[in-house]
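Here are a few short exercises to work through with a structure viewer open. Try each task before reading its solution.

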Amino acid sequence: MNLLDSTINGIPILTIDAPRPDNASAEDFKLGVTNRFRQGADPLILDMNRVIFMDSSGLGALVGCLKLLFKDPKRLPLCNVAPAVLSLLKLTRMDQVFLVYPSVQAAVEALQP
Amino acid sequence: MKIVGSRIELRIPGNHPESVRLLGVCLRNLSLSVFDPQGAAEIELAMVEAVNNSILHAKPGASDIQLTFSLSPRGVEIDLQDEGQPLDPRILEAAGQRWDFDPSDIQNLPEGGMGLMLIKKLMNEVSYRHENGRNWWSFSKFHPSAAPTQAQDARTTIAGR
């Protein structure tokens, strides 16, 4: 799975460069996020603008990163979430856990003091 | 992929998770002949979860996972067969009934166990039986005009019960 790094105002942003991250790529994703967290990427904005579909293994990987690393949903905000992914969050009630922003800029602004 | 009468048969290897993505895209696009994009996306998610489940419980050397897609007067019907470990019917019955967690209790959030719950929420009927060493699943999703007006989990049927 390709993960693309960028920053805005010093805040790290990780773009998931895969339209359909699947069971096979969930471990790649967790490893990629873990490596960045250990290098100081906390908070980390997840830009999901290229993801059009995600299954429960992908969602499980997101939840695992939140539990193991960031501990607080404010430290791992999601943005540009496609309707199918938002629907998955709602069906599993994870929309009550993760903070979802309409754009990277909105997530950056929410993280600034 | 094979067209047999009014059915479309799809087969993927039980040991090849990468095939699931393509299968999901096929089923979504087939479903667009009956459903709007949201309904078709729901079918894709439910069937990806079902096939992931089949792969997870596949036995070494098992034959292909076979799906059959057909249109019905009410919507679509998808049958799935595999040779994996049989499912304990109690797990299917209980799926989704105890999907309860405190969203603020981060350390105890569930990371798995969502697949069957999602299938039951997204499809209108789910039936399962284990026969002659094979798992036989049948899933139906009704067109909105034929579906119950209130959202509810799928009617679940388990053979012999």
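The exercises below deal with a predicted model, and each one comes with a worked solution.

**Exercise 1. Work out the order of helices and strands in chain A, and find how its radius of gyration fits the globule rule.**

Solution. Begin with the inventory: chain A holds 4 helices and 5 strands. Next, walk along the sequence, where these elements follow the pattern β-β-α-β-α-β-α-β-α. Then turn to the radius of gyration, which is 13 Å for chain A, close to the 13 Å from the globule rule for 113 residues, so chain A is as compact as a globular protein of that length. For its extent, the C-alpha atoms fill a box of roughly 35 × 25 × 25 Å along the principal axes.

**Exercise 2. Describe the burial, contacts and surface of chain A.**

Solution. A residue counts as buried when its relative accessible area is under 20%. By that cut-off, 54% of the 113 residues in chain A are buried. Now take the contacts in chain A with a separation of 6 or more: residues 24 or more positions apart account for 70% of them. Finally, the accessible surface of chain A is about 4800 Å², and 51% of that belongs to carbon and sulfur atoms.

**Exercise 3. Repeat the survey for chain B.**

Solution. Count the elements: chain B has 4 helices and 7 strands. Their order along the sequence is β-β-α-α-β-β-α-α-β-β-β. A compact globule of 161 residues would have a radius of gyration near 15 Å, and the 16 Å of chain B agrees with this. The C-alpha trace of chain B spans about 50 × 40 × 35 Å along its principal axes. Of the 161 residues, 47% count as buried. Among contacts in chain B with a separation of 6 or more, 65% come from residues 24 or more positions apart. To finish, chain B exposes about 8400 Å², with carbon and sulfur atoms supplying 49% of it.

**Exercise 4. Describe how helices H2 and H4 of chain B meet.**

Solution. Two packed helices are described by the angle between their axes and the distance between the axes. Here, the axes of H2(B) (residues 37–56) and H4(B) (residues 115–122) come within 9 Å and cross at roughly 145 degrees. The crossing is left-handed. Now list who takes part: H2(B) contributes B:Glu42, B:Leu45, B:Ala46, B:Glu49, B:Ala50 and B:Asn53, while H4(B) contributes B:Gly115, B:Leu116, B:Leu118, B:Ile119 and B:Leu122. Sorted by class, the contact of H2(B) with H4(B) has 7 nonpolar, 2 polar and 2 charged residues.

**Exercise 5. Find the cis peptide bond that ends at A:Pro43, and place it in the chain.**

Solution. Look at the bond from A:Asp42 to A:Pro43, which is cis with omega near 10 degrees. Then locate A:Pro43 in the loop between helix H1 (26–38) and strand E3 (45–47) of chain A.

**Exercise 6. Is A:Lys71 buried or partly exposed, and is B:Asn132 buried or exposed?**

Solution. Take the backbone of A:Lys71 to begin with: its phi is positive, about 65 degrees, although A:Lys71 is not a glycine. A:Lys71 sits in the loop between helix H2 (56–70) and strand E4 (78–79) of chain A. With a relative accessible area of 44%, A:Lys71 is partly exposed.

Now move to B:Asn132, a residue other than glycine whose phi is positive, near 50 degrees. B:Asn132 lies in the loop between strand E5 (125–131) and strand E6 (134–142) of chain B. Its relative accessible area is 73%, so B:Asn132 is exposed.

Conventions
Residues numbered from 1 in each chain as written. Chains lettered and ligands numbered in written order. Predicted model: local features only at pLDDT ≥ 70, side-chain atom pairs only at ≥ 80, totals over all residues. Heavy atoms only, no water. Axes fitted to C-alpha atoms, helices over the stretch in contact; angles between N-to-C directions. Helix = DSSP H or I, 4+ residues; strand = E, 2+ residues; numbered from the N terminus. Left-handed = near helix turned anticlockwise from the far one by under 90°. Contact = heavy atoms within 4.5 Å. Nonpolar A, V, L, I, M, F, W, Y, C, P; charged D, E, K, R; others polar. Rg over C-alpha atoms; globule rule 2.2 N^0.38 Å. Buried < 20%, exposed > 50% of the residue type's maximum accessible area, 1.4 Å probe, protein only. Areas by Shrake-Rupley, 256 points an atom, 1.4 Å probe, with all protein chains shown as cover.
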